[in-house]
Amino acid sequence: MATAQLLGSWMQNMISSTNLRPHRNCHRSMRTARATFSQETASSGVRITEGNGGLPKVLLNSAHGSEAEIYLFGGCLTSWKPVNGKDLLFVRPDAVFNGQKPISGGIPHCFPQFGPGPLQQHGFGRNMNWSVGDSENIEGNPVVTLELKDGPYSRSMWDFSFHAIYKVELNSKSLTTVLTIKNTDKKPFSFSTALHTYFKASAAGASVKGLKGCKTLNKDPDPVNPSEGTEEREVVTFPGFVDCVYLDAPGEVHLDNGLGDVITIQNTNWSDTVLWNPHLQMEACYRDFVCVENAKIGKVELQPDQSWVAKQRISVA
Ligand SMILES: O=P(O)(O)OC[C@H]1O[C@@H](O)[C@H](O)[C@@H](O)[C@@H]1O
């Protein structure tokens, strides 16, 4: 795509308002850097365009025909189309794109709190502007790295210096994300986190395999005092309201979305899995999605300069 198309005037505003870094070499003039970034990103299958509500979004296009999109607001993946062309993520019809409220759908970040807890539900990572740190292309597969650092808004709720790095790689049939949280403060901090993935589904026909034997924290009916149990089922379904944490979940589970797709959800270091469907609490859309979330429910404590890293890979056959 031509530079002019990539960088309209809205984009130039966004560069300053979202700390978008056009290129690693910051000594170049901004103008040259913008042009270089756009040329490089166009050829790497990574480009930035205007999304809903005028919010900037990163488009990933692989040489194989797969596609994904990520809003910088919240670092939120809102679309993933493997080569079969079907979007396997779900964005709720009540989602707003105003840069004020989190985007309800896709893969929002829960950070630095999964919740419930003292901070706002699911923390603030999903309603801050992430920036683009880097982009590359590996054998036709676009890779983009987003970053989030503390600022006055996060400090007002959680007074720590941190650096979150979110690397997203799109392959023909898979989407891999690596999240790194680094303590850049002089004091330790602790956090919980999740990738709150909304999958498009027929909730009535959807099921998850791989969780049998896990300890469970069932948040239905009381999310603050969940009841402990053990999952006995080989195949977990969504017959009504579901809100359950699976502790020490395996590195791989399988979601049958009830729409003809089986999605393999693999992880490294996301120790827990959460299943959620709001049923009649969201009458307008509960039939059309299920959430299968890789999570870290127990607190991670990081000393200064320490990092925590977790990987998720979602794929279709
Ligand atoms: O903030 P959202 O996207 O509406 O999601 C809320 C739900 O997120 C789930 O992860 C929690 O387990 C639920 O308890 C919660 O209600």
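Reader: By class, how many nonpolar, polar and charged residues does the shell around the ligand have?

Author: In this predicted model, the ligand is surrounded by ten named positions, including S104, Q121, H122, H196, K219 and E293. Sorted by class, the shell around the ligand comes to 3 nonpolar, 4 polar and 3 charged residues.

Reader: Which residues does the UniProt annotation "active site" cover?

Author: The annotation comes from an unreviewed UniProt entry, and the residues it covers, although spread over 98 residues of sequence, cluster in space with a largest C-alpha distance of 4.9 Å. One of them lies in the loop between β10 and β11 (198-200), and the other lies in strand β20. The residues covered by this record are H196 and E293.

Reader: Does H196 count as buried or exposed?

Author: A residue needs 20 or more other C-beta atoms within 10 Å of its own to count as buried. H196 has 24 C-beta neighbours inside 10 Å, and therefore it counts as buried.

Reader: Is K186 buried or exposed?

Author: K186 lies in the loop between β9 (174-183) and β10 (189-195), and the cut-off for an exposed residue is 12 or fewer C-beta neighbours within 10 Å. Because K186 has 9 such neighbours inside 10 Å, K186 counts as exposed.

Reader: Which strand gives the most to the largest nonpolar core?

Author: The largest nonpolar core has 75 residues, and among those with the most contacts inside it are L275, V290 and V292. With 6 residues, the strand that gives the most to this core is β20 (residues 289-302).

Conventions: Residues are numbered from 1 along each chain as its sequence is written. This is a predicted model: local features need pLDDT of at least 70, side-chain atom pairs count only at pLDDT 80 or more; totals for chains, interfaces and linings use all residues. A residue is near a molecule or strand if its C-beta atom, placed from the backbone, lies within 6 Å of it. Ala, Val, Leu, Ile, Met, Phe, Trp, Tyr, Cys and Pro count as nonpolar, Asp, Glu, Lys and Arg as charged, and the others, Gly among them, as polar. Helices (H or I, at least four residues) and strands (E, at least two) are DSSP runs, numbered from the N terminus. A nonpolar core is a set of buried Ala, Val, Leu, Ile, Met, Phe, Trp, Tyr and Cys residues joined through C-beta atoms within 7 Å. UniProt positions are given in the numbering used here, feature names are shortened, and annotations may be inferred rather than shown by experiment.
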